[in-house]
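Open your viewer, show the chain as a cartoon, and keep the selection box handy. We will walk from stop to stop, choosing a few residues each time.

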Amino acid sequence: MKWLEAQFQRLPRDDGFPTNAPALPMANTSHPSPVPAFDLPCFLAEQTGAVNAALLRVLPKPSAKPATLHQAMHYSLFAGGKRMRPAVCLAAAAACGGSDADALPLACAVECIHTYSLIHDDLPAMDNDDFRRGKPTNHKVFGEGIAILAGDALLTQAFEIAAQAKGWPRYPHRDLMLELARAAGSLQLVAGQVADLEAEGKTVSVAQLRYIHERKTSALLCCSVRLGGMSANCTPAQLQALTDFGYHVGLAFQVIDDILDVTQNSAKLGKTAGKDVASQKATYPKLVGLEKSRRIAEQLTAKAFTALKIFRRRTVALEALAEFLLRRDY
Ligand code: GRG
């Protein structure tokens, strides 16, 4: 792992150089850096490669019967998503001294749940979208029935994959499954989607919008980070810190998503831009304007960085990911 080797060079040195990163390690800080900047593209390419290879190993082949269903599952899963949830899962495991091998089944599981949620979110009965990840949506290619079933199968697949993860003294296998089930369930991910649907065309308060974002976006991101820590048998204090980190990064992620919907074009996003306005969605830009939305995303990201302060090392990947998610333009 090239990215991890670079990170090891950041371990505490005898000269007392601070081990914790600054609050927001931007590219041009005045801090004399003892090592070259973290190579996030290299990290992402490496982790995405590992996640894709693992998914290909465990998923039934596209030719397995019923072939249309398995083709539909592969179609959306390998359509070119950013793989942010697996990335934060693996980065959290590294922050707690864990291994990619132990975190990988959980990283794959969260990506399956995420992809299922996108397929269902795009359906005519939901957001009714034609493009996702730069390609026609699943139901546009395979029809609504198969798209619904591909989503169902990916959700179930997630638990089959997670079942292969190793349990730990602090986090027996049952806890890992509970973590995943709760994040994807009717009180979190699905609750967020329900609230989102029900808010369409209505005036919602900032508190109501926060409720939606906590569930439809932050819950799965936070779960991904927590599962990474759990796969490394992290301490309770580390798990609390990862929870704070994941919660805030998850919220910032959705604020940025809302901003991009109005500031970027469809080609850049790989999905239909301007959809939130067209479907009268509740968003931060609509509620507080673009400038304030950006400030909110920055404040949320700053809180995520603060949460990492208890870690003495190996948080560079988590920090780089939080920074990337704040600055991304797609
Ligand atoms: C139960 C029928 C039924 C539907 C549930 C849970 C659900 C459908 C939808 C989840 C809601 C949702 C799509 C939230 C948005 C989260 C979000 C910002 C997704 C985009 O994530 P990216 O940018 O996407 O990481 P890529 O394509 O890069 O993976």
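Start by selecting Asp257 and Lys271: their side chains make a polar contact, at 3.4 Å. Bear in mind as you look that this is a predicted model. Asp257 has its place in helix α11. Is Asp257 buried or exposed? With a relative accessible area of 18%, Asp257 counts as buried, because the cut-off for that class is under 20%.

**Into the ligand site**

Stay with α11, which spans residues 236-263, and now show the ligand too. α11 is one of the helices that each supply at least two residues of the shell around the ligand; the others are α5 (100-121), α9 (189-199) and α10 (206-230). Which helix gives the most to this shell? Colour α5 to see it: α5 supplies six residues.

Next, select the residues that come nearest. Of the 18 around the ligand, these are Lys82, Arg85, His114, Arg133 and Gln193. Zoom in on three of them and look for the N or O atoms of their side chains. For Arg85, such an atom is 2.8 Å from an oxygen atom of the ligand. For His114, the distance to a ligand oxygen is 2.7 Å, and for Arg133 it is 2.7 Å. If you turn on a surface here, note that the protein covers 88% of the 750 Å² of accessible area that the ligand has on its own.

Colouring the shell by residue class gives five nonpolar, seven polar and six charged residues. Hide the ligand for a moment, and the space it took is the largest pocket.

**Backbone stops**

Now switch to the backbone. Most residues other than glycine have a negative phi, and most peptide bonds are trans. The next three selections are worth viewing with that in mind.

- Select Lys65 and Pro66: a cis peptide bond joins them, with omega about -5°. Pro66 lies in the loop between α2 (40-58) and α3 (67-77).
- Select Arg83, in the loop between α3 and α4 (84-95). Its phi is positive, near 60°, and Arg83 is buried at 5% relative accessibility.
- Select Asn128, in the loop between α5 and β1 (131-132). Phi of Asn128 is also positive, near 50°, while its relative accessible area of 40% makes Asn128 partly exposed.

**Last stop**

Finish at Ser266, in helix α12 (residues 266-269). Ser266 is partly exposed, at 35% relative accessibility. Add Tyr330 and draw a C-alpha to C-alpha distance: the two residues are 9.4 Å apart in space and 64 residues apart in sequence.

Conventions:
Residues are numbered from 1 along each chain as its sequence is written. This is a predicted model: local features need pLDDT of at least 70, side-chain atom pairs count only at pLDDT 80 or more; totals for chains, interfaces and linings use all residues. Side-chain values use heavy atoms; hydrogens and water are left out. A residue is near a molecule or strand if one of its heavy atoms lies within 4 Å of it. A polar contact is a pair of N or O atoms within 3.5 Å; within protein, one must be able to donate a hydrogen and the other to accept it, and residues adjacent in sequence count only if both atoms are side-chain atoms. Accessible areas come from the Shrake-Rupley method with a 1.4 Å probe; for residues, only the protein chains shown count as cover. On a 1 Å grid over the protein atoms alone, a cavity is a set of points where a 1.4 Å probe fits but cannot get out, and a pocket is an open set with protein on both sides within 12 Å along at least five of seven lines; lining residues have an atom within 4 Å of a point. A molecule sits in a cavity or pocket if more than half of its atoms lie within 2 Å of its grid points. Helices (H or I, at least four residues) and strands (E, at least two) are DSSP runs, numbered from the N terminus. Ala, Val, Leu, Ile, Met, Phe, Trp, Tyr, Cys and Pro count as nonpolar, Asp, Glu, Lys and Arg as charged, and the others, Gly among them, as polar. Buried means under 20% relative accessible area, exposed over 50%, partly exposed in between (1.4 Å probe, protein chains only).
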